[in-house]
Amino acid sequence: MTLEKYLFFSLKTLLSEITSLLSLYGGQFSSQQEIRVNSPFWILNIPSEEMARGLMKRTVCAKSIFELWGHGRSAGELYASLKSYPMDKMLPYLQSDSTYKIHIHTFNKTLTQAEKIKKIDALEFLPFNGKVNLKSPEHVFWILEDYGMDPNNVLEEPLDLYFGRWIADGQRELIESYSVKKRHFIGNTSMDACLSFIMANHGRVKPNDVVFDPFVGTGGLLISSAHFGAYVCGTDIDYNTIHGLGKASRKNQKWRGPDENIRANLRQYGLEKYYLDALVSDSSKPIWRKGMLFDAIVTDPPYGIREATRRTGSQKETVKSAERSTENHIFISSSYHLSDIFFDLLKFAAEYLVMGGRLVYWLPIYRPEYTEEIIPRHPCLKLISNCEQMLSSHTSRRLITMEKVKEFKDHDQNSYSLDGRYMPYRGHNSFREKYFSGVTKRIAKEEKDNQK
């Protein structure tokens with residue numbers, strides 16, 4: 001199949017999201033793709049316009065996609081590129097019975113209306129035979145100019161110029177329509193809507209999948225997967241959260257209402273039919289029958305900052321505490337080290353994911369000590385991507401995406417404990433201490449500066 005060049009105009013260029021979506025729709029990311037870190041524009045070879053539209057129905061990172069007709073480092077190069085573009089590919093969109101308009105976008109620079117008209121008039125060599133319709137044209141063409149990423153150093157001339165036919169926009173409106181601020185049921189750590197959809201895309205969630213979140217909380221990650229047509233379920237050790245009981249997380253609200261629960265959240269967006277259930281369960285002690293049950297596991301484990309890291313324990317354990325909910329539900333919990341949380345998660349994914357299924361999760365790290373070697377591994381799981389989100393100058397979290405590539409066997413049960421990479425990660429059991437150490441140092445520095 002002939003590859004066509006498409007131009008992405010991306011506000012948040014996350015290569016891993018586009019790569020995951022390409023593979024979901026049967027495409028492949030080539031090392032020859034023209035990706036530049038310091039540019040908002042990407043040029044990708046995509047097999048068909050249908051696949052390009054499919055990508056844009058999912059992505060929340062890319063703003064728009066265009067069929068690229070011409071590209072150059074100067075106006076002269078752009079015009080030469082356009083003149084060499086095959087006429088048979090242009091003509092279907094330039095017919096006399098069609099309508100069109102040309103839109104200009106300049107990244108990091110503002111043009112006057114006169115300057116825009118001049119640039120449009122310079123394209124008179126293109127055989128536009130249709131009528132101009134500014135309100136509802138059949139075809140929209142864009143001139144795109146890149147003036148660099150530094151707002152304090154705006155260039156006189158663009159670094160790159162592009163011309164193309166608009167194909168589709170991304171799904172960035174989902175960020176607002178699914179905003180946590182408008183959500184019926186929230187918790188202290190409810191996932192931001194944008195990140196939630198990115199995680200579902202990394203997991204290649206598709207219609208009729210079964211998606212599981214072992215640290216489900218208020219179900220924020222279930223919502224994005226359900227939006228893409230997957231059936232969703234989860235577990236959490238917190239009885240109050242699962243049953244929508246106890247103190248509310250919203251300001252000026254003391255207690256949760258009678259209908260504040262995960263099911264109500266999915267009902268709010270018309271997604272209740274995709275909700276299987278949420279159970280009170282300890283992630284360190286799986287309750288599921290043996291076998292491959294889930295197409296994707298998308299989750300955000302607790303880090304011990306705003307939510308405690310706990311697992312069920314016994315009265316004989318040294319570290320224990322009794323907790324009582326508003327329904328007089330009592331359980332004994334013990335500490336659950338970060339290293340154990342993540343290796344239990346990988347072990348669970350290796351056993352319960354279908355072949356080719358994906359695990360997507362956040363891994364907190366202390367930046368001064370970070371190396372790729374400390375990322376937990378499992379012989380049944382292949383690391384697909386590793387993206388960083390900064391939390392502070394000294395801490396961040398990595399969005400880890402892994403894919404099941406090998407069938408789980410009994411001897412894989414504790415294989416990580418023999419891996420040399422397991423020991424370095426145990427140092428991150430003190431992540432909470434290091435996190436607040438940095439906060440304390442910053443406060444002390446600010447107080448010292450204020451005294452000067």
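The largest cavity in this structure is lined by Phe 212, Pro 214, Thr 235, Ser 281, Asp 282, Ser 283, Pro 286, Ile 287, Trp 288 and Phe 348. Before you go looking for them, keep in mind that this is a predicted model. How can empty space be found at all? Rolling a probe the size of a water molecule over the atoms shows where empty space is left. Here the largest cavity has a volume of about 60 Å³, and its lining has six nonpolar, three polar and one charged residues.

Let's follow two of those lining residues, Phe 212 and Thr 235, into the strands. Strand β8 covers residues 210-213 and runs parallel to β9, with four bridges joining the two. Phe 212 has Cys 233 in β9 as its bridge partner. Between these strands you will meet helix α8 (residues 220-227), and β8, α8 and β9 make a right-handed β-α-β unit.

On to β9 itself. With which strand does β9 pair over five bridges? The answer is β10 (residues 275-280), and the pairing is again in the parallel sense. Here Thr 235 stands opposite Leu 279 in β10. Is strand β9 enclosed or open? Five of its six residues (231-236) are buried, so β9 is largely enclosed by the rest of the structure.

Now return to the empty spaces. The structure holds three cavities of 30 Å³ or more. The second largest has about 40 Å³ of space and is lined by Pro 214, Phe 215, Ser 283, Tyr 336, Ile 341, Asp 344, Leu 345 and Phe 348. You may recognise Pro 214, Ser 283 and Phe 348, which also line the largest cavity. The lining of the second largest cavity divides into six nonpolar, one polar and one charged residues.

A pocket makes a good next stop. The second largest pocket has a volume of about 310 Å³. Elements that give two or more residues to its lining are α3 (75-83), α5 (113-121) and β6 (139-146). This pocket is lined by 18 residues, and Lys 119, Glu 145, Tyr 147, Glu 157 and Leu 161 lie nearest its centre. By class, the pocket lining has nine nonpolar, one polar and eight charged residues.

Finally, look for Asn 261, in the loop between α9 (239-243) and α10 (262-268). Is Asn 261 buried or exposed? Its relative accessible area is 18%, and the cut-off for buried is under 20%, so Asn 261 counts as buried. A polar atom of the Asn 261 side chain lies 2.8 Å from the backbone nitrogen of Ala 264.

Key: Residues are numbered from 1 along each chain as its sequence is written. This is a predicted model: local features need pLDDT of at least 70, side-chain atom pairs count only at pLDDT 80 or more; totals for chains, interfaces and linings use all residues. Side-chain values use heavy atoms; hydrogens and water are left out. On a 1 Å grid over the protein atoms alone, a cavity is a set of points where a 1.4 Å probe fits but cannot get out, and a pocket is an open set with protein on both sides within 12 Å along at least five of seven lines; lining residues have an atom within 4 Å of a point. Grid points are joined across faces, edges and corners, and a volume is the space filled by probe spheres set on the points. Ala, Val, Leu, Ile, Met, Phe, Trp, Tyr, Cys and Pro count as nonpolar, Asp, Glu, Lys and Arg as charged, and the others, Gly among them, as polar. Buried means under 20% relative accessible area, exposed over 50%, partly exposed in between (1.4 Å probe, protein chains only). Two strands pair if DSSP finds at least two bridges between them. A crossover is right-handed if, with the strands pointing away from the viewer, the path from the first strand over the helix to the second runs clockwise. A polar contact is a pair of N or O atoms within 3.5 Å; within protein, one must be able to donate a hydrogen and the other to accept it, and residues adjacent in sequence count only if both atoms are side-chain atoms.
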